[in-house]
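The following paragraphs offer a guided reading of a single structure. Please keep the sequence and the coordinates in view while reading.

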Amino acid sequence: MPCGKWNLDRTQSEPWCCVRRHVVTSYSPPPASPAPQGCPPIPCDVPIPPLIREIVFFGDPVLRTKCAPVELTDEHKALADDMIETMHAAQGIGLAAPQIGLPIQMAVVDVAHDPECLTFLKVDGEDTPLADIMPLIFVNPELEFGDEKDVMNEGCLSIPDLRADVTRPEQVTAKLTLLDGRRVTIETDGLLGRAIQHEVDHLNGVLFIDRLKPTAKARLRTSLKRMQQEYKERQRRKQWKK
Ligand SMILES: [Zn+2]
C-alpha cells in the first residue's frame, strides 16, 4: 500500500513512491512537517520501466515450495516484464517466479539467441517459428513427456557456478496459459524443451540437482552446503538489522 515515503533515486528519471506502479509525474517535495500521509492522487497510465529483481539462492525455502496457481491480472504483466529483465540481466535462458521469491506458477523462457536449438516446434499443432513465441511467458503449466531421454549440461541462476549433466525426456508437450489468457499446447524438444522442464520443476519446488545421479550430486555436496550456510548467515544479518 502507498506509504508516502519517496524513493528519489537519481538514476531514475522520475521519483517513485513506495508502490512502484505509481510514478509521480508531477512531483513536489513533501513538506518537512507534518509528514505526508499516503501518496497523492497519481496517474498510473505512464509506461513503467521494468525492474531487475533480486534472485534468491539455494538454501532459501521458497525454492522448495510447491507454487500456487495464478489468476492473471495486469500486475502479472508488469511482473513478467521484471522477470524478463532480470533473466536477461543475469544472462539466463529461464526464470521461475520462486527464483525472485514469489511462490506462484509463473515462469519465463528465452532461447531466441539459438534458433537451431530444437528440431521442431508446434503451437496448437501448427509448425511455428521460434521467434514467434519468444520470450515465452506462461502460468499454470502441465507437462507430458515423450519416451526418449536426452542428457544436457544444466545450470541454474539460483545455484550459481555449479553445472552438471542432467537426464530428462527429450520431447515435451506443454499446456500453458499465456499472458493474454490463451491456453496453448506447445510441443518441442532441444533446449526449449529442456528449459521449459527446468522452469516447471522450479514451480514444483524441484531443482536440477535433484535429478542428478548420487555420484554426481556427491561431487556438489560441499558447494551446496556452503550455499545453505551463506543463506542462513544472510538471514541472521537481516534479523540483526531489525
Ligand atoms: Zn533454475
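In this predicted model, the largest nonpolar core holds 29 residues, and those that touch the most other members are Met 83, Ala 107, Val 108, Val 109 and Ile 196. Two or more residues of this core come from each of H1, E3, E4, E7, strand E10 (172–177) and helix H2 (190–203). The greatest contribution, 5 residues, is that of H2.

Val 108 shows how such contacts are distributed. Leaving aside residues up to four places away in sequence, Val 108 touches Ala 80, Met 83, Ile 84 and Met 87, as well as Gly 94, Leu 95, Pro 135, Leu 136 and Ile 137. Apart from the largest core there is a second, separate one of 7 residues, among them Phe 58, Cys 156, Ile 159 and Phe 208.

Helix H1 merits a closer reading. Its 16 residues, 74–89, should span 22 Å at 1.5 Å a residue, and the 23 Å between its end C-alpha atoms agrees with this. Which residues of H1 are buried? They are Leu 79, Ala 80, Met 83, Thr 86 and Met 87. These residues lie on the same side of H1, because they cover an arc of only 130° around the axis. In an α-helix there are 3.6 residues a turn, so residues three or four places apart point the same way.

The cover over the buried residues of H1 includes strand E3 (94–96), strand E4 (106–109) and strand E7 (136–145). On the face of H1 turned away from its buried side are the exposed residues Asp 74, Lys 77 and Ala 89. After H1 comes Gln 91, with a positive phi near 55°.

Technical notes:
Residues are numbered from 1 along each chain as its sequence is written. This is a predicted model: local features need pLDDT of at least 70, side-chain atom pairs count only at pLDDT 80 or more; totals for chains, interfaces and linings use all residues. Helices (H or I, at least four residues) and strands (E, at least two) are DSSP runs, numbered from the N terminus. The expected span of a helix is 1.5 Å times one less than its number of residues. A residue is buried if 20 or more other C-beta atoms lie within 10 Å of its own, exposed if 12 or fewer, and partly exposed in between; C-beta atoms are placed from the backbone. The arc is that of the directions from the helix axis to the C-beta atoms. Two residues are in contact if their C-beta atoms, placed from the backbone, lie within 7 Å. A nonpolar core is a set of buried Ala, Val, Leu, Ile, Met, Phe, Trp, Tyr and Cys residues joined through C-beta atoms within 7 Å.
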